[in-house]
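Dear colleague,

Please find below the structure that I am handing over to you, followed by an account of what was found in it.

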Amino acid sequence: MERVRKASHAGSWYTNNARKLEEELDGWLRAAGLTKSPDVRAIIAPHAGYSYSGRCAAYAFGNIDPTNISRVFLLGPSHHYYTPKCALSRTTVYSTPIGDLPVDQEVIEELSATGKFEFMDHNVDEAEHSMEMHLPYLSKVFQGYNVKVVPILVGALSSENEAMYGQLLSKYVDDPKNFFSISSDFCHWGSRFSYTYYDKSHGAIHKSIEALDRLGMEIIESGDPDAFKQYLREYENTICGRHPISVLLHMLKHCSTKSKVGFVRYEQSSQCKSMRDSSVSYASAAAKIDAPGEEDKE
C-alpha cells in the first residue's frame, strides 16, 4: 500500500508551482556553476526557506553526478519531536512539486532490523522541514534517473550514539551507488534564538558570527568528530544539524573509502550589526573521495 509524505512546506517555505520551482532551482544551479563529480559522495546543505538558503544550497547539490547513484540517505535534525535515537520513515513515497521520490523499503527494513532505530509517526514526518527542503533539489538533480531515498530523522543523540550510528551507516558509504545528503543550517544568532555570542575582536557582529562558523567549518573539514564535539561544547554554536554532521564525521572515519569534506559556500540571512538584530547562517559542503596517493603525502 502506498503511503505518501506530502510536500507539506510547499506553498510556504518554497513555491508549489512546479514550473516556477524548476526555474528557480535551474537558475541557482547554473549560477553556482559547479562541475558534477562522481567523487562527491556526500553533501552538507542548509534547510531554510528557499528565499533565504536556496541559492547557497545549490553549491552543495550542484556537485552531484547522478549517473551511478541509485540511493540517497537523507539525514536531517528533528526540530519538533524529541527522541534520543534516529527515526525511520513509514512512508513509501516522498512527494515534491516536481516529481516524487520512492523510499527504499529494503534498506529501511535492513536498518530497522538492527534494533537501533525507531519509526516516526506520519505527522512527525510531515511536520519536519529539515529533510523536505532537500527533496526538490534531489528531485531536480536526479531527473531522469531511478533513485530511491532513505530518510533518517536524527534525534538528540549522545556522543556514544553519534559514533554508533556513524559506524552502523559506514558500510553504506563504501558502495558508490549510495549518496548522503546531510541537512543543517549554521549559527542562529540573536536573542530570539537565545544565542548572542560576540567576540568584539572581529569587528561587527556579523564578522564575529562568520569567524565562529568558519572555525566550526574548518573542524568539520578536519574530519575529527571529537574536535567538533569540543568546539560545540566550548562555543555552544547553534548549528541545528550538529547531530547529523557528527554522524557523517563518524561514518567517514569508519568506512574504507577515504573522503574529505570541503566547504564551498557560506552566507548569512542578514548582517547583524546591533544586539537587536538576528540572523541564520548557511553553509554548503561536499565530501569528496581523496585522490589516490594523497594519503601517502601525510
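Leu75 has Ile182 in β9 as its bridge partner. Leu75 belongs to strand β3, residues 71–77, which runs parallel to β9 and is joined to it by five bridges. Strands here are DSSP runs of E of at least two residues, and helices are runs of H or I of at least four residues, numbered from the N terminus; two strands pair if DSSP finds at least two bridges between them. This is a predicted model, in which local features need pLDDT of at least 70 and side-chain atom pairs count only at pLDDT 80 or more, whereas totals for chains, interfaces and linings use all residues. Residues are numbered from 1 along each chain as its sequence is written, and side-chain values use heavy atoms, with hydrogens and water left out.

β9 also pairs with strand β2 (residues 40–45), in the parallel sense and over four bridges. In that pairing, Ile43 stands opposite Ser181. Six of the six residues of β9 are buried, that is, under 20% relative accessible area (exposed is over 50%, partly exposed in between; 1.4 Å probe, protein chains only). Asn178, Phe180 and Ile182 lie on one side of the strand and Phe179, Ser181 and Ser183 on the other, so that both faces are covered.

The loop between β9 (178–183) and β10 (188–189) holds Ser184. Ser184 counts as buried because its relative accessible area is 0%. Its side chain reaches the backbone nitrogen of Gly241 at 2.9 Å, a polar contact (a pair of N or O atoms within 3.5 Å; within protein, one must be able to donate a hydrogen and the other to accept it, and residues adjacent in sequence count only if both atoms are side-chain atoms). Beyond its neighbours within four places in sequence, Ser184 is in contact (heavy atoms within 4.5 Å) with residues including Pro46, His47, Gly241 and Arg242.

A second serine, Ser53, is found in helix α2, residues 50–61. Ser53 is buried, because its relative accessibility is 1%. Leaving aside neighbours within four places in sequence, Ser53 is in contact with Pro46, His47, Ala48 and Tyr282.

Finally, three strands form an open sheet of mixed pairing in the order β1-β5-β6. β1 (4–5) and β6 (101–102) each have a single partner strand, so one side of each is left without a neighbour in the sheet. Strand β5, residues 93–94, runs antiparallel to β6 and is joined to it by two bridges; there, Tyr94 stands opposite Leu101.

With kind regards
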